[in-house]
Amino acid sequence: MLTKKLQNALNEQINREFFAEYLYLSMSAYLESIEMEGFANYFNVQAQEEHFHAMKMFNFVHDKGGRVILKSLKEPKANYSSVVDVIEESLKHEKYVTKSINELMDTAISENDHSVKSFLQWYIDEQVEEEATISKLLAKLKLIKGEGLGLLTLDSQLLERTYQPGK
Ligand code: FEO
């Protein structure tokens, strides 16, 4: 069984993961609107990963005999000023998610629940990879100054990204 405190904290994180899915879909829609199909695909795949993160936690709460309570999702930001703006915002969002996962781990430690600690380790490791991927993408974009032929080349490369189940 989960303590009430831990169950509430996991439910809040499920909401954050679903919001991340929604936010990335919104970013994908904006990128489609400016004909950046590769970047739009990148965020579409990112949204599928966030859906998986939410559902993995959703199923875990049930496995632990807990109760999932879904909360409302905020309206995601719809408009951005450029591709660089989108990537900067997504990096900011991933840093926020990392902070919230770390706080969730702190709660699992203070509630002395070893199975939750073990479960959350996957998210801690995943966040390192997610922040690194987006940081590298941002660095490349800055190298090409976020425009021109460099931007078009990067956009076509990102068209190839596909969702890897279990990520
Ligand atoms: Fe589920 Fe990108 O954090």
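How many residues apart are Arg-16 and Glu-12 in helix H1? The two are 4 residues apart, about one turn of the helix. The model discussed here is predicted, and the values below are computed from it.

**Salt bridges**

Across the whole structure, a search finds 8 salt bridges. One of them joins the side chains of Arg-16 and Glu-12, with an N to O distance of 3.8 Å. Glu-12 is partly exposed, at a relative accessible area of 38%. In general terms, side chains of opposite charge can pair when their charged atoms come close.

A second pair, Lys-99 and Glu-103, lies in helix H3. These residues are also separated by 4 positions, about one turn of the helix. The closest N and O atoms of Lys-99 and Glu-103 are 3.1 Å apart. Lys-99 counts as exposed because its relative accessibility of 52% is over 50%. Glu-103, at 41%, counts as partly exposed.

A third salt bridge links Lys-167 with Glu-129, the closest N and O atoms being 2.5 Å apart. Lys-167 is in the segment after H5 and Glu-129 is in helix H4, so this pair ties together parts that are 38 residues apart in sequence. Both partners are partly exposed: Lys-167 has a relative accessibility of 21%, and Glu-129 has one of 41%. Salt bridges with shared partners join Glu-126, Glu-129 and Lys-167 into one network.

The three pairs described above are set out here.

| Pair | N to O distance |
|---|---|
| Arg-16 and Glu-12 | 3.8 Å |
| Lys-99 and Glu-103 | 3.1 Å |
| Lys-167 and Glu-129 | 2.5 Å |

**Largest pocket**

Glu-12 and Arg-16 also appear in the lining of the largest pocket. The space in this pocket is about 160 Å³. Its other lining residues are Asn-15, Phe-19, Ser-72, Leu-73, Lys-74, His-93, Tyr-96 and Val-97. Helix H1 (4-33) and H3 each supply at least two residues of the lining. The largest share, 4 residues, comes from H1. Sorted by class, the lining has 4 nonpolar, 3 polar and 3 charged residues.

**Nonpolar cores**

The largest nonpolar core has 25 residues. Those with the most contacts inside this core are Leu-31, Phe-39, Phe-43, Val-83, Ile-87 and Leu-141. Two or more residues of the core come from each of H1, H2, H3, helix H4 (114-143) and helix H5 (148-158). H1 gives the most, with 6 residues.

Which residues is Phe-43 in contact with, leaving aside its neighbours within four places in sequence? They are Tyr-24, Met-27, Ser-28, Leu-31, Val-86, Ile-87 and Ser-90. A second, separate core has 20 residues, among them Leu-10, Val-61, Leu-120 and Tyr-123.

**Asn-79**

Asn-79 is in the loop between helix H2 (37-63) and helix H3 (83-110). Is Asn-79 buried or exposed? Asn-79 is exposed, because its relative accessible area of 59% is over the 50% cut-off. Asn-79 and Met-105 are 26 residues apart along the chain, and their C-alpha atoms are separated by 33 Å.

Terms used:
Residues are numbered from 1 along each chain as its sequence is written. This is a predicted model: local features need pLDDT of at least 70, side-chain atom pairs count only at pLDDT 80 or more; totals for chains, interfaces and linings use all residues. Side-chain values use heavy atoms; hydrogens and water are left out. Buried means under 20% relative accessible area, exposed over 50%, partly exposed in between (1.4 Å probe, protein chains only). On a 1 Å grid over the protein atoms alone, a cavity is a set of points where a 1.4 Å probe fits but cannot get out, and a pocket is an open set with protein on both sides within 12 Å along at least five of seven lines; lining residues have an atom within 4 Å of a point. Grid points are joined across faces, edges and corners, and a volume is the space filled by probe spheres set on the points. Ala, Val, Leu, Ile, Met, Phe, Trp, Tyr, Cys and Pro count as nonpolar, Asp, Glu, Lys and Arg as charged, and the others, Gly among them, as polar. A nonpolar core is a set of buried Ala, Val, Leu, Ile, Met, Phe, Trp, Tyr and Cys residues joined through side-chain atoms within 4.5 Å. Contact means heavy atoms within 4.5 Å. A salt bridge is a side-chain nitrogen of Lys or Arg within 4 Å of a carboxyl oxygen of Asp or Glu.
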